[in-house]
Amino acid sequence: MATILFPTDFSPTANNAFQYALNLARVIGADLRIVTVKTHLKEYLNLQQNEFDQKIKELQDIALGNNLTEVKMTSSLEVGDLILTILDIIRKEQIDYVVMGTNGENSFGKKFFGSQTIALINNSPVPVLAVPHGVDFVESRKFAYATMWNTNEESAIRQMLSFSERHHSKLDIVHVEKKTLSIDEIMKKREWEVEFPEANFEVIKNDDVDSALIDYCENHQIDVLGLMYRELNPFQRLFSESHSKRLLTEAQFAILVLKSK
């Protein structure tokens with residue numbers, strides 16, 4: 001049985017992502033592990049247990065209102081560093097996925113939307129699904145995966161294919177190129193077209209990778225865009241964080257960050 005970890009502060013953004021996490025748990029047959037983390041002891045002590053229990057009851061009511069009570073849920077209130085606490089739960093409880101809401105307009109969003117989001121993505125050993133505020137789970141979902149034509153992406157592509165097949169959808173594998181494909185990239189594309197005949201391959205020529213991906217997903221009604229996390233040196237990571245933040249800011253679709261096996 002898979003387990004999805006859902007960090008929340010019970011804000012509207014988090015509650016929207018909660019419905020998404022519930023539906024995802026139902027589809028893949030997973031349990032849902034809910035956690036609220038207070039970074040300061042005073043905050044932790046100020047939140048009475050009955051207040052926390054009431055907030056959890058409100059989430060249970062959301063599940064009831066969406067006919068999703070069959071999803072098994074457990075919850076806890078923790079105190080400590082946000083990222084370290086989440087990573088500790090992932091390791092100790094064998095979490096399979098993390099689902100979180102992202103929005104810069106509330107306290108939870110500000111924590112997760114900036115460096116905290118990037119820190120979790122950079123350090124999480126499991127896939128992280130970021131759900132922007134207002135993005136809803138739909139049954140007939142369409143999936144896309146943004147590729148760099150790297151051999152170590154094959155495990156990520158297979159994961160994305162398994163998701164799309166579960167929803168009876170064809171996976172779009174998209175590459176944004178500023179100039180022209182190299183010989184090696186052309187060969188890798190041809191190799192994958194044979195290896196993954198169930199996928200649709202698209203090459204977009206554009207100097208602005210972020211805008212091209214956002215436009216593609218919006219024009220093709222993509223609900224989930226998959227990306228593979230890449231280890232970068234500190235200089236490259238500066239640009240990666242800017243790229244990730246822009247996608248999370250403007251995207252009207254969920255973003256799934258996968259890890260290579």
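R33 sits across from T74 in β3, in a model that is predicted. R33's setting is the pairing of strand β2 (residues 30–38) with β3, which runs in the parallel sense over seven bridges. Helix α9 (residues 209–219) also packs on the sheet, where it touches β6, β7, β8 and β9. The direction of α9 makes about 150° with that of β7.

Now for the sheet itself. Ten strands make it up, and it is open, with mixed pairing. Reading across, the order goes β3-β2-β1-β4-β5-β10-β9-β6-β7-β8. The edges are β3 (73–79) and β8 (200–205), each of which pairs on one side only. On average, neighbouring strands are turned by 25° against each other, direction ignored.

Zooming out, the protein chain has ten helices and ten strands. Here are some totals for the protein chain:

| Property of the protein chain | Value |
|---|---|
| Residues counted as buried, out of 261 residues | 52% |
| Contacts joining residues at least 24 apart, among those between residues at least 6 apart in sequence | 84% |
| Accessible surface | about 12900 Å² |
| Part of the accessible surface belonging to carbon and sulfur atoms | 49% |

On to helix α7 (residues 154–166). How far apart are the end C-alpha atoms of α7? They are 18 Å apart, and this agrees with the expected span, because 13 residues at 1.5 Å a residue should cover 18 Å. After α7 comes H168, which has a positive phi, near 55°.

The buried residues of α7 are E154, S155, A156, I157, Q159, M160, L161, F163 and S164. What do they pack against? Their partners include strands from the sheet: β4 (97–102), β6 (143–146), β7 (172–177), β9 (224–228) and β10 (254–258). Helix α8 (183–195) is on the list of partners too.

M160 is a good residue to click on in α7. Why does M160 count as buried? Its relative accessible area is 0%, so it falls under the 20% cut-off for buried residues. Leaving aside residues up to four places away in sequence, M160 touches F143, A144, Y145, L171, V224, G226, L256 and L258. One of these, V224, is 64 residues away along the chain, yet the C-alpha atoms of M160 and V224 are separated by 9.5 Å.

Key. Residues are numbered from 1 along each chain as its sequence is written. This is a predicted model: local features need pLDDT of at least 70, side-chain atom pairs count only at pLDDT 80 or more; totals for chains, interfaces and linings use all residues. Side-chain values use heavy atoms; hydrogens and water are left out. Helices (H or I, at least four residues) and strands (E, at least two) are DSSP runs, numbered from the N terminus. Buried means under 20% relative accessible area, exposed over 50%, partly exposed in between (1.4 Å probe, protein chains only). Contact means heavy atoms within 4.5 Å. Accessible areas come from the Shrake-Rupley method with a 1.4 Å probe; for residues, only the protein chains shown count as cover. The expected span of a helix is 1.5 Å times one less than its number of residues. Two strands pair if DSSP finds at least two bridges between them. Axes are lines fitted to C-alpha atoms, for helices over the stretch in contact, and angles run from 0 to 180 degrees between N-to-C directions.
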